[in-house]
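Let's take a friendly walk through one protein model, looking at a helix, some rings and a few cysteines. Keep the 3D view open as you read.

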Amino acid sequence: MDIAKCFDRIDHNHLMKQIIAPQTIKQGLWGCLKSGTSIGFPEQGVPQGGVISPLLANISLNGIESLDIGNKNPAKCIRYADDLVFIIDPGFTSDPTKGWHERKLNQIIAREKKAIEEEVTRFLQKRGLEIKPSKTRLVKATDGFDFLGWHFYVQTNNHKFRSTPSEDNFKAFREKAKAIINSSAFGAKVKAKKIASVVRGWRNYHKYCKLDGARFSLYFMTKRAYTVFNKERKLNRYTAKQLIDKAFPNPGWKENHHIMVKGNKSPFDGDITYWSKRNSKLYDGATSEALKRQNHKCEYCGLNFADDEKVELHHVDDNHNNWKRENLIAVHRSCHQYIHMKQ
């Protein structure tokens, strides 16, 4: 389910009632809302492309996930910005051999779908929004659905929950990598550097998806890149293979191993220890091992990695070729710069 023109139609008056802030801040925010809206709709919308627009949209849509929709088993809502997914549990298992089972199941699902649409429409009308019918559809869990670049589905044979990169997401990624590989404006070394950032970002985003098989393991893309690199006169098959290893970094994947945020935790609740440990799990390899040894604290200043500052590895003996465990410590980026300034 999608919301039609969410950022262009948010009602200003309702939005301001939801914001809890000092009056001076609310006055400044009111001025920003009025300066970034269209002439035709002065009472609606938030500035397109503004850094605060996603936050304002989340404030306006807050509460839609907790709507009590359904009869015996309320539908569960998952929301990201203006994209919504409702999971319906009919509470009834149909028997394929009995025709009336299928009819009863369809009736239950149709009734639940109608209740969801009515409740969501009522919720959105207060905020000047409406559902986009062209992007609202009902699918079976076994058929799957796309959400945030992933394709979710349930296997029919063992009823396991699976997730893979969606077709559109993979197509966009492939076209971007293909344009770099086939470009005649760069040499192999430049191409390898450019492809590496694209591949690393795509694989890290989908590291909790199922990435096996020739397609998602990028076998054919790697093979094509090797063919192109190997044609350069200054390269042979060995140096081309080394560039391929650099161009296609593989951080690994573990399907459905993501860790949910505990309870009602918030980055602003003051629990520095919890968020420090959670943010440390964003790193892998030698950095991850160093963070575990140091109990997720900076080895130089002793403080937790609680903010958005990047964690860096420091070589104690300043020999960047020495990757022994005792020679590596994890520090804040600012601490790392200060260490080298003193030297």
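## Charges over rings

Start with Lys194, which lies over the face of Phe186, at 4.9 Å from the ring centre. There's another case to look up: Lys265 sits over the face of Tyr274, and here the distance to the ring centre is 5.5 Å. Bear in mind that what you're looking at is a predicted model.

## Helix α7

Now find helix α7, which runs over residues 188-205 and has 18 residues. From its first C-alpha to its last it reaches 25 Å, close to the 26 Å expected at 1.5 Å a residue.

Which residues of α7 are buried? They are Ala188, Lys191, Ala192, Ile195, Ala196, Val198, Val199, Trp202 and Arg203. A bit of background helps when you read that list: an α-helix has 3.6 residues a turn, so residues three or four places apart point the same way. As for neighbours, the buried residues of α7 pack against β5 (161-165) and four helices: α6 (167-181), α8 (213-216), α9 (219-230) and α10 (237-247).

## Aromatic rings

How many aromatic pairs does a search of the whole structure find? It turns up 10. One of them is Trp150 with Tyr205, an edge-to-face pair with 6.3 Å centre to centre and 80° between the planes. This pair links distant parts of the chain, as Trp150 is in strand β4 (residues 150-154) and Tyr205 is in helix α7, 55 residues apart.

Are the two partners buried or exposed? Trp150 counts as buried because its relative accessibility is 12%, while Tyr205, at 44%, counts as partly exposed. Zoom out a little and you'll see that ring pairs link both of them with Phe145, Phe152 and Phe161 into a cluster.

## Cysteines without a bond

A disulfide is a covalent bond between the sulfur atoms of two cysteines. A search of the whole structure finds 0 of them. Take Cys77, which is in no disulfide: the nearest cysteine sulfur belongs to Cys6 and is 13 Å away. Cys77 counts as buried, with a relative accessibility of 14%.

Why is Cys301 not bonded to Cys298? Their sulfurs are 3.6 Å apart, and Cys298 holds the closest cysteine sulfur to that of Cys301, but this is too far for a bond, because a disulfide needs the sulfur atoms within 2.5 Å. Cys301 itself is partly exposed, with a relative accessible area of 34%.

Conventions
Residues are numbered from 1 along each chain as its sequence is written. This is a predicted model: local features need pLDDT of at least 70, side-chain atom pairs count only at pLDDT 80 or more; totals for chains, interfaces and linings use all residues. Side-chain values use heavy atoms; hydrogens and water are left out. Helices (H or I, at least four residues) and strands (E, at least two) are DSSP runs, numbered from the N terminus. The expected span of a helix is 1.5 Å times one less than its number of residues. Buried means under 20% relative accessible area, exposed over 50%, partly exposed in between (1.4 Å probe, protein chains only). Contact means heavy atoms within 4.5 Å. Rings of Phe, Tyr and Trp (its six-membered ring) pair if their centres lie within 6.5 Å; planes under 30 degrees apart count as stacked, over 60 as edge-to-face and the rest as tilted. A charge sits over a ring if NZ of Lys or CZ of Arg is within 6 Å of the ring centre and within 35 degrees of the ring normal.
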